[in-house]
Amino acid sequence: MNLFALLSERFEAALDCPGVVPVGAAAGASGPAWTYRDLDDASARFSAALRGRGVEPGDRVLVQVPKSVEAVALYLGVLRCGGVYVPLNTAYTEREVAFFVSDASPRVVVRGAAGSGDPGADAEPRSVGIDALWEEARSLDPDPAVEPRRGDDLAAICYTSGTTGRSKGAMITHGNLTSNALALHEIWGFEPGDVLLHALPIFHVHGLFVALHTAFLNASKVLFLPAFDAAEVRHLLPEATVLMGVPTFYSRLLAEPGFGSADCESIRLFVSGSAPLTEAVWGDFEARTGHRILERYGMTEAGMITSNPLLGERVAGTVGFPLPGVEVRAVGEDGIEVAAGEVGTLEIRGPNLFPGYWGLPEKTAEEMRDDGFFVTGDLASVDGEGRVTLVGRGKDLVIAGGFNVYPKEVEDRLNEVPGVAESAVIGAPHADLGEGVVAVLVAEDSPVEDDTLRAALGAGLARYKHPRRFYWVGDLPRNAMGKVQKNVLRERYRDAYCG
Ligand code: MLC
Ligand code: AMP
């Protein structure tokens, strides 16, 4: 079934109820609340416009636009016409976007900011600004059709960087999204009257799929902030019942003077994920608000995988139990499942698991076991009850404020800078973002100025990937195989952002 058909079936009975309501700074830009009827109508118009531009089922529609209700309607319109939605982080530079365009070969590229008049179009002939596309859509009759899709038809391609430095498009099917949305809606106990406070970006799994799908399945009102702002979120909490965020949301709320239980009286559920929530933040949050944040674990390739229970015990530092239908196992280096409570690489299987990387069958094969389990690259233990605790990452990855930064990609850029002989990029503890990006460099001759490094990275690499600390060394520590010992560097520079 087309995921859109499922969502619209659920919001059919609430067509005149508020759907997505721009709040905060977005209210000025996007105007009044959009009802579910408005969303349905806009998606049918976007569907008509996309079909008019030649989009056929299975064609990719690549979208790099700031958060807006129009962008949500566009996403629904892409699903509706059977297109494949390819969302891009708004921080990506032209160089990065050019790669995604060539890799995904989209029929249409949508850019620019809704309501800004920004043409969004560039030299790329398939490119159109979201304002222009919306204007075109509004001039057309809505196309009420919902393209029939099978469970294994693609709904989205989400790019995730790789340990090789080359981005990979994770192919996500209608079946993947549907199973995950239904499971989360059920286990998180969505109920009539729930109101979601939405402050996440809508170009990643967390804000786009997890948050919006559960809310739409529930025909809930969504209070739609353009971005996270602790004061605004605090101000809006009394109007909401559910907040989903990355750990930084919670540590920033705690940093608000006086923030506490009085702010959270209407809230039923605080969800955290995308990066580790420290026991300190979890504990402080409970002490200040009386709420135990529900931590869950997921990844682009599989949506949500495990979750702490809504009603059972939520344990700090653990990510809970596999979602219904999802299997997990921790596997040792010999490829054999380790005993309960021991640490191994987490492998997973289930209806949420993607079929592979776009155009990269060998890469897909490398990460899939013969029995259909996917190797997550996360290190975890699974206890006798099936509760999962993540203990680290086997993959070389830094997660800053919920955004993934793959060191290899940053090292490749640094190594191109004249005067840099080699580099190693690591994550160091960061009070606000969880981890901050650090570069350790070896000079060809003498160290390059920080400003020169920044300028060199600036043009080609999204800002959130930039190291903000640079250290020069004579040699990088290596093991007997010649591999850089990043654990040694992590230890050496653990105070890079603290202390
Ligand atoms: C912004 N900046 C970051 C950053 N976000 N740097 C490192 N890491 C980040 N996450 C930089 C900008 O480049 C800018 O730098 C400066 O910080 C201020 O920008 P801003 O836009 O004002 O940032 P801020 O409000 O501080 O944003 C922080 C944040 C945001 C945590 C609120 O990053 C955020 O919303 N993160 C959520 C990410 C997310 O949705 N992840 C889910 C992935 S899905 P300069 O120098 O340019 O001024 C997934 C699967 C799963 O992982 O399990 O969910
Ligand atoms: P992404 O590629 O953006 O989908 O990021 C997926 C990765 O985020 C996972 O492989 C984990 O390493 C990490 N992650 C997601 N949720 C959690 C969590 N609750 N705790 C720790 N790490 C997490």
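# Questions on rings, burial and ligands

Tutor: In this predicted model, Lys 67 lies over the face of Phe 224, at 4.7 Å from the ring centre.

Student: What makes a charge count as sitting over a ring?

Tutor: For Lys, the NZ atom must be within 6 Å of the ring centre and within 35 degrees of the ring normal. The value of 4.7 Å for Lys 67 and Phe 224 is within 6 Å, so the distance condition is met. Arg 329 provides a further case: its charged end sits over the ring of Phe 373, 3.7 Å from the centre. For Arg the atom concerned is CZ, with these limits applied again.

Student: How many aromatic pairs does the ring rule give?

Tutor: The count comes to 21 aromatic pairs.

Student: Why is the pair of Phe 270 and Phe 285 called by the name it has?

Tutor: Two rings pair if their centres lie within 6.5 Å, and planes over 60 degrees apart count as edge-to-face. The centres of Phe 270 and Phe 285 are 5.0 Å apart and the planes stand at 80°, so this pair is edge-to-face.

Student: Where in the chain do these two residues lie?

Tutor: Phe 270 belongs to strand β12 (residues 269–272), and Phe 285 to helix α11 (residues 279–289). They are 15 residues apart, and the pair links distant parts of the chain.

Student: How do you know whether Phe 270 is buried or exposed, and likewise Phe 285?

Tutor: Buried means under 20% relative accessible area. Phe 270 has 1%, so it counts as buried. Phe 285 has 0%, so it also counts as buried.

Student: What kind of pair do Phe 354 and Tyr 357 form, and why?

Tutor: Their ring centres are 4.9 Å apart with planes at 70°, so this pair too is edge-to-face. As for burial, Phe 354 is buried at a relative accessible area of 2%, and Tyr 357 is buried at 2%.

Student: Which residues do ring pairs link into a cluster?

Tutor: The cluster comprises Phe 4, Phe 11, Tyr 36 and Phe 216.

Student: Why is Asn 2 called buried or exposed?

Tutor: Its relative accessibility is 3%, under the 20% limit, so Asn 2 counts as buried. Asn 2 lies in the segment before α1 (3–11). Leaving aside neighbours within four places in sequence, its contacts are Leu 79, Arg 80, Val 146, Glu 147, Arg 149 and His 174.

Student: What makes the approach of the Asn 2 side chain to Glu 147 a polar contact?

Tutor: The side chain of Asn 2 reaches the backbone oxygen of Glu 147 at 2.9 Å. A polar contact requires N or O atoms within 3.5 Å, so the distance qualifies.

Student: Why is helix α10 (residues 247–254) described as largely enclosed?

Tutor: Of its 8 residues, 7 are buried, so the rest of the structure largely encloses α10. The buried residues are Pro 247, Thr 248, Phe 249, Tyr 250, Ser 251, Leu 253 and Leu 254. Their cover includes α9 (230–236), β11 (242–245), β12 and α11.

Student: What holds polar atoms within reach of ligand 1, and how much of ligand 1 is covered?

Tutor: The side chain of Ser 274 places an N or O atom 2.6 Å from an oxygen atom of ligand 1. For the side chain of Arg 463, the corresponding distance to an oxygen atom is 2.5 Å. A backbone N or O atom of Gly 401 lies 2.9 Å from a nitrogen atom of ligand 1. Ligand 1 has 1,000 Å² of accessible area on its own, and the protein covers 72% of that. Elements giving two or more residues to its shell are α8 (205–217), α10 and β13.

Student: Which atoms of the protein approach the nitrogen atoms of ligand 2?

Tutor: A backbone N or O atom of Ser 274 lies at 3.2 Å, a side-chain N or O atom of Glu 295 at 2.9 Å, and a polar backbone atom of Arg 296 at 2.7 Å. These values are within 3.5 Å, so each meets the distance limit for a polar contact. The protein buries 92% of the 500 Å² that ligand 2 exposes when taken alone.

Student: Which element gives the most to the shell around ligand 2?

Tutor: Strand β13 does, with 5 residues.

Note on methods: Residues are numbered from 1 along each chain as its sequence is written. Chains are lettered from A and ligands numbered from 1 in the order in which they are written. Side-chain values use heavy atoms; hydrogens and water are left out. Rings of Phe, Tyr and Trp (its six-membered ring) pair if their centres lie within 6.5 Å; planes under 30 degrees apart count as stacked, over 60 as edge-to-face and the rest as tilted. Helices (H or I, at least four residues) and strands (E, at least two) are DSSP runs, numbered from the N terminus. Buried means under 20% relative accessible area, exposed over 50%, partly exposed in between (1.4 Å probe, protein chains only). A polar contact is a pair of N or O atoms within 3.5 Å; within protein, one must be able to donate a hydrogen and the other to accept it, and residues adjacent in sequence count only if both atoms are side-chain atoms. Contact means heavy atoms within 4.5 Å. Accessible areas come from the Shrake-Rupley method with a 1.4 Å probe; for residues, only the protein chains shown count as cover.
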